[in-house]
Amino acid sequence: MARFIVIHQMAENTTQDAVLVARKTLSAASPESAEWRSSWYVPATNELFCEWEAPTLETIRQALFQSGALQFAPIKILHEVVPVGPKDLPDERAT
Amino acid sequence: MAKLRFGSSEWILALHNELNTSQAYEDAAKNWEGDFYFVVEPEGALTQTVYLYMDLWHGKSREAKLVQDPKEKNPAFIMSGKYGKWKQVVLAKLDPIQALMTGQLKLKGNMTMVMKNVKAAQEIIRACTRIDTEFDL
């Protein structure tokens, strides 16, 4: 399954209720094949970085649209990405 | 020095004093404008809701007190949660911003403004941990 990073530009005025409702709706609106994996909030820029696993970019866009999240967290950037972590690198200690 | 009971008048005054002597808090909250009710909902031995008022303004605490009647003030932010959740926050075992984003603490008011001031929130928690606090739960 492909991985994606969505960067949301958060609205300057957001209520917790709106965020929590959208999160709940997002679970229902996401097809089984799409999974929101994790998020990181950046206070300095008021952006939210979200990692997704989904068949296509459009699957995520549709799920976010149906959840209502785009009203307070519109998409700034949506990219397919390739995850790379320490476990993907050769273990230098083994050589 | 005796321990201060969480949610008491003495405790919120101690937090007020801690914040007003903290350079780290003053720096982190230099742009902050907004007063709070921290609402501690009954749980365990606590049988009545506790309303702690703090008026935080540009890195200083202008006023802090235990309020008997919540109608007394009309703060910009109301943050509420069960006693046990507040205990975790005050002991720095639960990040307050994470608690807000996951609904473990409830917030009335502009959440973006609170989230953007994460450093100020962290300094408030550091100040809480410097108070020798006793809990009922």
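What percentage of the 95 residues in chain A are buried residues? Select chain A to begin, bearing in mind that this is a predicted model; buried residues make up 21% of its 95 residues.

**Chain A**

With chain A still selected and shown as a cartoon, follow it from its N terminus, and you will pass through two helices and four strands, which come in the order β-α-β-β-α-β along the sequence. If you turn the C-alpha trace of chain A along its principal axes, it spans about 55 × 35 × 20 Å. Among the contacts in chain A with a separation of 6 or more, 71% are between residues 24 or more positions apart.

**Chain B**

Move next to chain B, where the secondary structure amounts to six helices and seven strands, arranged along the sequence as β-α-α-β-β-β-β-α-α-β-α-α-β. Its C-alpha atoms occupy a box of roughly 40 × 35 × 30 Å along the principal axes. A compact globule of 137 residues would be expected to have a radius of gyration near 14 Å, and chain B, at 14 Å, agrees with that. Of the 137 residues in this chain, 36% count as buried, and of its contacts between residues at least 6 apart in sequence, 70% join residues at least 24 apart.

**The sheet of chain B**

Now pick out the strands in the order β4-β3-β2-β5-β6 of chain B, since these five form an open sheet with mixed pairing. At its edges lie β4 (60-67) and β6 of chain B, each of which pairs on one side only. Neighbouring strands of the sheet are turned against each other by 15° on average, with direction ignored. Within the sheet, zoom in on β2(B) and β3(B), which run antiparallel and are joined by eight bridges; here B:Val39 stands opposite B:Tyr51, a residue of β3(B). Adding α1(B) to the selection shows a helix that packs on the sheet, where it touches β3 and β4 of chain B, and its direction makes about 175° with that of β4(B).

**The nonpolar cores**

In soluble globular proteins, nonpolar side chains tend to be buried together. To look at such a group here, select B:Leu15, B:Tyr25, B:Phe38, B:Leu52 and B:Ile124, which touch the most other members of the largest nonpolar core, a set of 36 residues. Elements giving two or more residues to this core include the helices α1 (9-20), α2 (23-28), α3 (83-90) and α6 (118-129) of chain B, and also the strands β2 (33-41) and β3 (50-57) of chain B. A second, separate core has 14 residues, among them A:Trp36, A:Cys50, A:Ile60 and A:Ala63.

Which residues does B:Tyr25 touch, not counting those up to four places away in sequence? Centre the view on B:Tyr25 and display B:Leu19, B:Gly59, B:Ala120, B:Glu123, B:Ile124 and B:Ala127, for these are the residues that it touches under that condition.

**Where the chains meet**

Finally, show both chains together and select the residues in contact between them: eleven residues of chain B contact twelve residues of chain A. On the side of chain B that touches chain A, two or more residues come from each of α4 (96-101), β6 (106-108) and α5 (111-116) of chain B. The largest share of that side, four residues, is given by α5(B). Colouring the side of chain B that touches chain A by residue class will show six nonpolar, three polar and two charged residues.

Notes:
Residues numbered from 1 in each chain as written. Chains lettered and ligands numbered in written order. Predicted model: local features only at pLDDT ≥ 70, side-chain atom pairs only at ≥ 80, totals over all residues. Buried ≥ 20, exposed ≤ 12 C-beta atoms within 10 Å, placed from the backbone. Contact = placed C-beta atoms within 7 Å. Rg over C-alpha atoms; globule rule 2.2 N^0.38 Å. Nonpolar A, V, L, I, M, F, W, Y, C, P; charged D, E, K, R; others polar. Core = buried A, V, L, I, M, F, W, Y, C linked by C-beta atoms within 7 Å. Pairing = 2+ DSSP bridges. Axes fitted to C-alpha atoms, helices over the stretch in contact; angles between N-to-C directions.
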